[in-house]
Structures are given as structure tokens and as C-alpha cells.
Amino acid sequence: MIAQTITITAPDESMASKTYKIDWENNTIEGFIDGVEAIGQSAELALTTERFIWHTYSWNYGSEIYTLIGKNDDYVVSEMKRMIEDALSTDSRIKSVTGYNFTKDDNVIHCNFTLKTTAGDINATI
């Protein structure tokens, strides 16, 4: 009897990084991006896509930040951190979100934070 060895390799479940580059100023697709730039674009899309609104997306995709419009400032600050982390939690390339800093300009609250990703750090603002 001949001994047989079978090797089973689990598929890599990390998200692909190479994607189309969105040129927001000209509303066009311009080539491809990869690595940290692609992860940043993916995070931007997840944070600016309204969750539970679009039937083409899973209910796990997008953000609920839009629901904070018109709410009390203290409530917005307390909920925005949770909503950012929730929206980005499905991307396995994002390891953590750190360094939250909230500022208010007139009636707008801005949040700066850092994404710790598998390709490097990304400074972001929403």
C-alpha cells in the first residue's frame, strides 16, 4: 500500500486590495490602486454609504453616521466613534481605529482618526 499525503490549504480570507481608482473631482474611474491607497478608498466608501438604504448592499455594509444629523453634540461625539468602528469592522485589512479627535466648526462636527491597516497607517477625517 502506498502512503498518500493530502495537504489542505485554507483560502486566504483577507480582502483583495487592488481596485479601481475613483477620481472624485472629475467623477471618473482612473486606472487602478493597491495597498494603503486602496484600503483608504474602501474605508471612505464604507463610511459615506448610508446603511440600510441601498438594496444593492448587504445590511453589514455602510455607515449610520447620517442618522446623527441634527442631534445633540454630546450624543454625536459619543456615537460617532462606535459608528465608525462598526462601519469598518467588516474590512479585515483594518486592524484598529485610533486617535479620535473631535472638533466643531459652526454646526459641523469633524472627526479625525487613524486607521491601523495591514498596509500602513491612514489619517482620515469625517
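These legends describe close-up views of one predicted model.

**Conventions for every view.** Residues are numbered from 1 along each chain as its sequence is written, and side-chain values use heavy atoms, with hydrogens and water left out. In this predicted model, local features need pLDDT of at least 70, side-chain atom pairs count only at pLDDT 80 or more, and totals for chains, interfaces and linings use all residues.

**View 1. The whole chain holds 2 helices and 5 strands.** Helices (H or I, at least four residues) and strands (E, at least two) are DSSP runs, numbered from the N terminus. Along the sequence, the pattern reads β-β-α-α-β-β-β. The chain has 126 residues, and 27% of them are buried. Buried means under 20% relative accessible area, exposed means over 50%, and partly exposed lies in between (1.4 Å probe, protein chains only). A contact means heavy atoms within 4.5 Å. Take the contacts with a separation of 6 or more: 31% of them join residues 24 or more positions apart.

**View 2. Confidence varies along the chain.** pLDDT is the predictor's confidence in each residue, from 0 to 100. The chain average is 88, and 87% of the residues score at least 70. Residues 7–11 stay under 50. The model gives residues 7–11 0 contacts beyond four places in sequence. Where pLDDT is low, the predicted coordinates should not be read in detail.

**View 3. Helix α2 covers residues 73–88.** The expected span of a helix is 1.5 Å times one less than its number of residues. For the 16 residues of α2, that gives 22 Å; the end C-alpha atoms lie 23 Å apart, which agrees. At E79, α2 bends by about 30 degrees. The bend is the angle between axes fitted to the seven residues ending there and the seven starting there. Look next at the start of α2. There, a side-chain oxygen of N72 comes within 2.8 Å of the backbone nitrogen of D74.

**View 4. Several residues of α2 are buried.** They are V76, E79, M80, M83, I84, A87 and L88. What covers them? Among the covering elements are α1 (35–48), β3 (94–105) and β4.

**View 5. Q41 sits in helix α1.** Is Q41 buried or exposed? Its relative accessibility is 9%, so Q41 counts as buried. The Q41 side chain reaches the backbone oxygen of Y20 at 2.8 Å. A polar contact is a pair of N or O atoms within 3.5 Å; within protein, one must be able to donate a hydrogen and the other to accept it, and residues adjacent in sequence count only if both atoms are side-chain atoms. Setting aside residues up to four places away in sequence, Q41 touches T19, Y20, K21, I22 and I33.

**View 6. S63 and F52 share the loop between α1 and α2.** S63 has 2% relative accessibility, so S63 counts as buried. Beyond its neighbours within four places in sequence, S63 contacts A46, L47, T49, E50, R51 and A87. S63 and D86 are 23 residues apart in sequence, yet their C-alpha atoms are 7.6 Å apart in space. F52 has 41% relative accessibility, so F52 counts as partly exposed. The phi of F52 is near 70 degrees, a positive value in a residue other than glycine.

**View 7. Strands β3 and β4 pair in the antiparallel sense.** Two strands pair if DSSP finds at least two bridges between them. Here β3 and β4 pair over 9 bridges. T103 stands opposite H110 in β4. In a regular strand the side chains alternate between the two faces of the sheet. The hairpin of β3 and β4 has 2 residues between the strands. D106 lies in the loop between β3 and β4. Its phi is positive, about 55 degrees, although D106 is not a glycine. With a relative accessible area of 66%, D106 is exposed.

**View 8. A hairpin joins β4 and β5.** β4 takes in residues 108–117, and β5 takes in residues 120–125. They pair in the antiparallel sense over 6 bridges. How many residues lie between β4 and β5? There are 2. F113 stands opposite A124 in β5.
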